[in-house]
Structure formats: C-alpha cells, structure tokens
Amino acid sequence: MKLIIFGPPNAGKGTQSQKLSEKYKIPQVSTGDLLRKAVADKTPLGIKVKSYLDQGKLGPDRLIVQIIKERIAKPDCKNGYILDGFPRTMAQAYELDKITQVDLVLNIVVDFDALLERAVGRRVCPKDGSVYHIKYNPPTKSPVACDKCGTKLIQRDDDKEATVRERLRVYKEQTEPLIEFYKKKCRLVDIDGASGIDSVFKQMTVAIESISKLA
Ligand code: AP5
C-alpha cells in the first residue's frame, strides 16, 4: 500500500502518518522530518535547505526528489509506505509518477484559523519526532516531555505565526493544485480534519480498508 497523506501545514499529516504507520506496519516517509534531521546534523543537505525551512519556503525540487528516491529504495519500504509532505509541487508529483503509482491520497481538510491554532500549540520531540499539542493532544506523563522517550519537547522554529502564514500561502500557491492532479490519477478521499485526532484516524482507516478490499 502506497499512500499520500495530503493537506496544508498543521493539518495533522504527521500525527496521522505516525498512527497509520503503527497500525499498518509500513514506514512514514516525511520529507519535513528528513530535512529537519539534516539541518540538526548540519549535513551538506541540511546546510543547503536550512534557509528554506526557516522562511517557510519549499526546498528545491531536485534535492527533495533525490531524498525521496533514496528513502523509498530502502528495504523497509518494500511493502509500501506513507508519504507525508511529499509531493508538494507539480514537478515533484510528475517525478513520483515516473517512479511509482500510489494507491490512495488522503486529503485532510481543515480551515485556516484552526491551522494557526494547531501551529501555535504544537510541541514535538526532537529525538523521536512524536507530535503533541498543548490543548488537543498533550503528553500524558509530563506536560513538557515525550511520553515515549522522556526527551524535553520543543517548538518548531517554523511555527512562528509569520512563518506559518507564509507556509500556508506557499501551500495554496504550489501544493493545493495537486488535488486536481490526483483526482484524475488515482483515488483521492477528502478527510474532515476539523474533527478530533481519533475521528480523523477512523475516517482514514475506513478509506484505506475500502481500497484494500478492491485490490
Ligand atoms: P513539513 O514538516 O512537512 O511541514 P508541513 O507540511 O507544514 O506540515 P506540518 O509538519 O507543519 O504539519 P502536519 O500536517 O504534519 O501536522 P501535525 O500532525 O504536526 O515541512 C516543513 C518544511 O520542510 C516546509 O515548510 C519546507 O520548507 C520543507 N519541505 C518539506 N517537504 C517538502 C517538499 N516535499 N518539497 C519542498 N520542501 C519541503 O499537527 C499539527 C498540530 O495539530 C500538532 O500539535 C497536533 O497535535 C495537532 N493536531 C493534529 N491533528 C489534530 C486534530 N484532529 N485536532 C486537533 N489538533 C490536532
């Protein structure tokens, strides 16, 4: 099963991808996580992309496609994967199309105000990437530490309001047009992302399992 989890910044792509990965035992492939790790490790890639992330702009297509090609060629992806944050431009979608055919696109729909509130309250674990929200999905053991590994949670640098607004603008301009592309190419299901995390997850599993039955 090859899935794309699609949606604007802070829609809940990472949250749902982690849950789907646990349930279906296929890896989450998040370009955002891969890029942030490269930045944190100060690799040559990280040095190249840092300013894009800081400004809420998209990294260069050529680099991003290369990262994805390398990641999905790894053995853990042989039974499928969940693409989280890729593709984000038409050029990336065309390149992905040359490599493989996806089975299903789950498009999370959430309104603008909710996205801003989610960004401001988001906390992430810098060690294992777990995602929390101070109001909607707080950690249960300590308010400031990751439930899974105990690491102190942080706020992402690009969750400042001005950067979030820029990420939303970039999404509208460069990423949203992909919805029409995928409607024509494969099955695309709209998911009501305004509901709670468990409800969003349920909608996704229903869509995935209806596709699996068709296969
Ligand atoms: P990336 O990390 O992919 O950022 P994004 O798409 O902006 O998405 P986010 O990670 O911000 O949000 P999300 O949808 O995963 O939401 P989450 O689950 O965390 O990319 C970052 C940057 O990397 C980009 O700006 C760009 O520079 C670069 N980049 C990445 N991919 C690229 C590409 N393909 N091409 C070029 N450049 C690329 O949830 C958000 C918050 O809401 C959390 O606090 C969560 O707990 C909470 N929440 C989630 N679901 C719900 C719910 N149902 N109800 C209430 N709260 C909820």
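Here are a few notes on the ligand site and on one residue, Thr 31, to help you find your way around.

1. Before you start: this is a predicted model, in which local features need pLDDT of at least 70 and side-chain atom pairs count only at pLDDT 80 or more, while totals for chains, interfaces and linings use all residues. Residues are numbered from 1 along each chain as its sequence is written, and side-chain values use heavy atoms, with hydrogens and water left out.

2. Start with the shell around the ligand, where a residue is near if one of its heavy atoms lies within 4 Å. There are 37 such residues, and Thr 15, Lys 57, Arg 88, Arg 122 and Arg 167 come nearest.

3. Next, look at the polar contacts (pairs of N or O atoms within 3.5 Å). The side chains of Lys 13 and Arg 156 each place an N or O atom 2.8 Å from an oxygen atom of the ligand. A backbone N or O atom of Gly 59 sits 2.9 Å from a ligand nitrogen. On its own the ligand has 1,000 Å² of accessible area (Shrake-Rupley method, 1.4 Å probe), and the protein covers 97% of that.

4. Helix H2 gives the most to this shell, with four residues. Helices here are DSSP runs (H or I, at least four residues).

5. Finally, visit Thr 31, which belongs to H2 (residues 31-40). Thr 31 counts as buried because its relative accessibility is 5%, and buried means under 20% relative accessible area (1.4 Å probe, protein chains only). Beyond its neighbours within four places in sequence, Thr 31 has contacts (heavy atoms within 4.5 Å) that include Ile 64, Phe 86 and Arg 88.

Terms used:
Helix = DSSP H or I, 4+ residues; strand = E, 2+ residues; numbered from the N terminus. Buried < 20%, exposed > 50% of the residue type's maximum accessible area, 1.4 Å probe, protein only. Polar contact = N/O pair within 3.5 Å; in protein donor to acceptor, adjacent residues only side chain to side chain.
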